[in-house]
Amino acid sequence: MPDRTPYVAANWKMHKTVAEAAEFVDALLPRIAATQSDVAICPPFTALSAVVERRYGTAVKVAAQNMHEEASGAFTGEVSAAMLAELDVEAVVLGHSERRQLFGETDEALARKVPAALAAGLEPILCVGETEEARDGGQTEAVLERQLQAGLAGVEGGKLGDVVIAYEPIWAIGTGRTATPEQAQEVCAYIRDLLRERGAAADAVRILYGGSVKPDNATELMGQPDIDGALVGGASLDVGDFAAIVKAAG
Ligand code: PEP
């Protein structure tokens with residue numbers, strides 16, 4: 001099985017001005033200088049450039065939180081993959097549950113966004129996860145299968161290893177309720193099985209867990225065999241907490 005470098009990403013959502021983002025990055029970099037893990041910061045669009053400029057010369061990646069699937073056009077308020085790549089952004093979060101639930105993000109759009117991101121040289125971080133209702137109804141696997149099938153439909157087998165999957169049970173996002181390490185591992189192992197059906201690169205794909213990851217639960221969650229890191233929301237807004245989670249990843 002290939003070694004998978006641990007990966008920790010900070011999803012700031014609609015938090016931090018340019019000044020706050022710059023201050024955060026300046027405080028974070030010395031604290032995580034020794035990490036062997038991949039680290040990404042996902043600021044709002046307005047702070048992307050400030051974070052890109054401050055992290056030059058470090059291993060920290062910068063990710064956007066969304067993008068449009070088309071290269072250009074009459075899509076008011078949208079941003080394309082090429083526009084992000086031009087800023088030296090390296091990755092993009094796609095299909096976050098808040099985009100799906102609040103802004104009408106569809107599996108059909110994601111089927112086009114993931115290959116568009118790859119074509120522009122961006123690493124897609126594809127989010128999947130079930131609602132509480134789906135879990136209680138025994139539908140977790142069916143939901144994940146549908147989301148993964150759609151999100152990866154346009155990805156050639158050889159490109160699969162360039163995609164990062166974030167398993168984020170919706171009932172655990174921003175709620176303080178975390179999936180137990182066993183629950184998270186069970187689903188991430190299932191996701192890897194689904195990926196294996198798509199190609200040999202499945203063992204190289206990083207699968208992150210997201211949902212109320214904090215410094216005190218990060219080690220156990222990321223210690224599971226099929227969990228390769230974390231997508232962190234609330235706790236990523238505090239530099240000390242985020243640095244502690246990066247440290248927990250190794
Ligand atoms: C997220 O929004 O991706 C997330 C995991 O949020 P939180 O860590 O706050 O649950």
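Which residues are buried in helix 10? Let me start there, and keep in mind that what we're looking at is a predicted model. The buried ones in helix 10 are V239, F242, A243, I245, V246 and A249. They sit on the same side of helix 10, because the arc they cover around the axis is only 160°. As a reminder, an α-helix has 3.6 residues a turn, so residues three or four places apart point the same way. And what do the buried residues of helix 10 pack against? That would be strand 1, helix 1 (18–31), strand 2 (38–42), helix 9 and strand 8.

Helix 9 is on that list, so to speak of it next: helix 9 runs over residues 215–222, and N217, A218, L221 and M222 are its buried residues. The arc here is only 120° around the axis, and that puts these four on the same side of helix 9. Turn to the other side of helix 9 and you find D216, T219 and E220, which are exposed. The cover over the buried residues of helix 9 includes strand 1 (7–11), helix 8 (181–196), strand 7 (207–210), strand 8 (229–232) and helix 10 (239–249). If you put the two helices together, strand 1 and strand 8 turn up in the cover of helix 9, and they turn up again among the elements that the buried residues of helix 10 pack against.

Okay, on to pockets. How much space lies in the largest pocket? About 460 Å³. Eighteen residues line that pocket, and the closest to its centre are K13, M14, Q65, R99 and F103. Helix 4, residues 97–102, gives the most to this lining, with three residues. For those of you who think in terms of chemistry, the lining of the largest pocket has nine nonpolar, five polar and four charged residues.

The second largest pocket holds about 150 Å³ of space. Its lining is R100, Q101, E105, D107, G129, E130, T131, A134, V143, R146, Q147 and I170. Helix 4 and helix 7 (140–151) are the elements that give two or more residues to this lining. Of the elements, helix 7 gives the most, with three residues. By class, the lining of the second largest pocket splits into three nonpolar, four polar and five charged residues.

Then there's the closed space. How many cavities of 30 Å³ or more does the structure hold? One. The volume of the largest cavity is about 40 Å³. Around the largest cavity we have G95, S97, R100, C127, V128, G129, Q147, E168 and I170. Helix 4 and strand 5 (123–128) each supply at least two residues of that lining. The classes there are three nonpolar, four polar and two charged. If you're selecting residues in your viewer, R100, G129, Q147 and I170 are in the lining of the largest cavity, and those names are also in the lining of the second largest pocket.

C127 from the cavity lining gets us to the cysteines. How many disulfides does the structure hold? Zero. Why no bond for C127? The closest cysteine sulfur to that of C127 is in C42, 8.8 Å away, which is too far for a bond; the cut-off for a disulfide is a pair of sulfurs within 2.5 Å. C188 is a similar story: its sulfur is 12 Å from the closest cysteine sulfur, which is in C127, and that is also too far for a bond. As for exposure, C127 is buried at a relative accessible area of 2%, and C188 is buried at 0%.

Last topic, backbone angles. Where is phi positive in a residue other than glycine? D88 is one of the cases, with phi near 70°. D88 lies in the loop between helix 3 (81–86) and strand 4 (91–94). Another case is S212, where phi is near 55°. S212 is in the loop between strand 7 and helix 9. Are these two buried or exposed? D88 is partly exposed, with a relative accessible area of 36%. S212, on the other hand, counts as buried at 10% relative accessibility, since the cut-off for buried is under 20%.

That's it from me, happy to go back to any of these.

Definitions and conventions:
Residues are numbered from 1 along each chain as its sequence is written. This is a predicted model: local features need pLDDT of at least 70, side-chain atom pairs count only at pLDDT 80 or more; totals for chains, interfaces and linings use all residues. Side-chain values use heavy atoms; hydrogens and water are left out. Buried means under 20% relative accessible area, exposed over 50%, partly exposed in between (1.4 Å probe, protein chains only). The arc is that of the directions from the helix axis to the C-beta atoms. Contact means heavy atoms within 4.5 Å. On a 1 Å grid over the protein atoms alone, a cavity is a set of points where a 1.4 Å probe fits but cannot get out, and a pocket is an open set with protein on both sides within 12 Å along at least five of seven lines; lining residues have an atom within 4 Å of a point. Grid points are joined across faces, edges and corners, and a volume is the space filled by probe spheres set on the points. Ala, Val, Leu, Ile, Met, Phe, Trp, Tyr, Cys and Pro count as nonpolar, Asp, Glu, Lys and Arg as charged, and the others, Gly among them, as polar.
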